[in-house]
Amino acid sequence: MLKISSVGKYLDQPLLTAKIKKNIPTILTLGCSALVLDQIKNSPKEDRKKIGLKSSIILGSTILSAVNASKIASFITKRELPKSINEIKKYNTEIISNYLSKNKFETNIEQILTKAKDKILSVKEIDKLNTKQHSDILKKLIPPPENIKAKDIFKDIGWLSIFGAIPVAGGLVGGIVADKLTEKNWKQKIPNKINEGIYQYLANIFLCNVGAGIALGILEKCNIKSKAARCIGMVTGIMITGVIGGSTIANYIGKKFINPILSPNKQQETRTPELLDIGLHTDDIATVAVLSGLKWIEPSLPLLYSISGYRAGIGYRNKHNKNNINETNKQQAHFLRSKC
């Protein structure tokens with residue numbers, strides 16, 4: 001019978017996560033291209049050129065910032081970058097060759113280990129190695145997740161928070177540039193974009209990370225090492241600080257600081273959480289996974305954070321706030337909600 005731990009080890013293969021990371025830019029580009037084409041197709045003929053240009057600029061800026069976010073965040077926080085595919089293959093080849101030269105195994109085990117030098121193993125192949133006899137080599141090939149220590153919590157939170165801020169900033173800049181090139185009243189739309197960017201970052205990214213970190217710190221102080229307890233604790237922290245408090249804080253900042261400066265004569269409409277906003281908290285699974293020491297979720301972060309960047313770029317407000325959304329943004333927001 002297949003062991004559950006073998007599935008986790010399969011997902012945590014360094015070679016697998018490296019290849020996923022390598023393909024993320026292609027996946028993002030194809031997905032965003034499909035989004036732009038669909039928006040153009042479903043827009044009035046007289047608006048297609050403008051909508052195509054705006055969407056391309058916003059999504060292009062978001063993609064560019066999202067795929068480079070890991071390097072930038074790692075540089076700022078002095079976090080070590082994951083090994084490249086070639087580096088992983090070289091490492092695997094060295095340790096496996098040394099292991100096979102000192103030990104004799106059944107033919108099928110030798111074949112699996114030989115394959116592991118430069119190829120991704122299947123779950124069944126991992127399961128055959130996932131035994132007490134082969135635990136040493138398996139740990140070297142697929143390092144087990146380590147519970148992060150309290151002293152390192154906020155370093156990882158800092159990395160995640162900077163990572164999440166970059167796609168939001170990229171989408172925001174792209175949205176302002178797109179409006180400037182296509183709209184006469186582009187300056188009037190800046191407050192919505194800034195407010196939405198703040199909302200996305202605080203409610204869906206930063207405060208959730210802080211909540212998870214605080215919960216993890218408390219559990220560490222209480223000497224609770226159970227992975228299940230740590231996950232439950234982090235999810236609870238996310239719910240309290242991000243889901244519940246994030247939108248309140250973001251709206252307060254918009255009302256007290258952003259709107260009085262950029263649009264003093266316009267009343268600030270409250271941005272309330274929607275179904276997609278709740279759905280965006282799937283990226284908090286990534287937060288929990290990263291802080292729990294799992295590696296396989298990291299390559300998906302650009303995909304998850306790009307949604308927040310795009311929403312900041314279009315300056316999304318709730319669909320019932322009709323005075324705050326132009327027709328183009330309505331179409332884009334409706335499409336994104338329908339697809340997500």
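Helices in these legends are DSSP runs of H or I with at least four residues, numbered from the N terminus. By this definition T62 belongs to helix 3, which covers residues 48–77. The structure shown in every view is a predicted model.

**Figure 1. Overview of the protein chain, with 15 helices and zero strands.** The chain has 340 residues, and 49% of them are buried. Of the contacts with a sequence separation of 6 or more, 78% join residues that stand 24 or more positions apart. The accessible surface amounts to about 17700 Å², and carbon and sulfur atoms contribute 62% of this area. Nine salt bridges are found when the whole structure is searched. The close-up views below show some of these features in turn.

**Figure 2. Surroundings of T62 in helix 3.** T62 has a relative accessibility of 2% and therefore counts as buried, the cut-off being under 20%. Which residues does T62 touch, leaving aside those up to four places away in sequence? The partners are P167, G170 and G171, together with S306, G309 and Y310. Helix 8 spans residues 150–182, and helix 14 spans residues 301–314.

**Figure 3. Helix 4, residues 85–102, and its buried face.** The helix contains 18 residues, and the distance from its first C-alpha to its last is 26 Å, close to the 26 Å expected at 1.5 Å a residue. Its buried residues are I85, I88, N92, I95, I96, Y99 and L100. In a projection down the helix axis these residues occupy an arc of 130°, so they line one face of helix 4. The other side of the helix carries exposed residues, namely N86, K90, S101 and K102. Where do the buried residues of helix 4 pack? They pack against helix 2 (14–41), helix 5 (107–116) and helix 7 (135–141).

**Figure 4. D179 and its salt-bridge partners K54 and K193.** The side chains of D179 and K54 form a salt bridge with an N to O distance of 2.9 Å. This pair connects distant parts of the chain, since D179 is in helix 8 and K54 is in helix 3, 125 residues apart. D179 also meets K193 in a salt bridge, here at 3.0 Å from N to O. K193 lies in helix 9 (residues 190–221) and D179 in helix 8, so this pair ties together parts that are 14 residues apart in sequence. Through shared partners, salt bridges join K50, K54, D179, E183, K189 and K193 into one network. Are the residues of these two pairs buried or exposed? D179 counts as buried because its relative accessibility is 2%. K54 is likewise buried, at 1%, and K193 is buried at 2%.

**Figure 5. The salt bridge between E298 and R79.** The closest N and O atoms of the two residues are 3.3 Å apart. E298 is in the loop between helix 13 (283–291) and helix 14, whereas R79 is in the loop between helix 3 and helix 4. The pair thus links distant parts of the chain, with the two positions 219 residues apart in sequence numbering. Both E298 and R79 are buried.

**Figure 6. L303 in helix 14 and its contacts.** L303 is partly exposed, with a relative accessibility of 32%; this value falls in the partly exposed class because that class lies between the 20% limit for buried and the 50% limit for exposed residues. Beyond residues up to four places away in sequence, L303 touches I24, I27 and L28. The C-alpha atom of L303 is separated by 8.9 Å from that of V67, although the two residues are 236 residues apart along the chain.

**Figure 7. A nonpolar surface patch made by L53, V173, V177 and L181.** The patch has an area of about 350 Å². Which helix supplies the largest share of the nonpolar patch? Helix 8 does so, with three residues. One residue of the patch, L181, lies in this helix and is exposed, at a relative accessible area of 58%.

How values were computed. Residues are numbered from 1 along each chain as its sequence is written. This is a predicted model: local features need pLDDT of at least 70, side-chain atom pairs count only at pLDDT 80 or more; totals for chains, interfaces and linings use all residues. Side-chain values use heavy atoms; hydrogens and water are left out. Patches are made of residues with over 30% relative accessible area and no salt bridge: like charges are joined within 9 Å, nonpolar side chains (Val, Leu, Ile, Met, Phe, Trp, Tyr) within 5 Å. Accessible areas come from the Shrake-Rupley method with a 1.4 Å probe; for residues, only the protein chains shown count as cover. A salt bridge is a side-chain nitrogen of Lys or Arg within 4 Å of a carboxyl oxygen of Asp or Glu. Buried means under 20% relative accessible area, exposed over 50%, partly exposed in between (1.4 Å probe, protein chains only). Contact means heavy atoms within 4.5 Å. The expected span of a helix is 1.5 Å times one less than its number of residues. The arc is that of the directions from the helix axis to the C-beta atoms.
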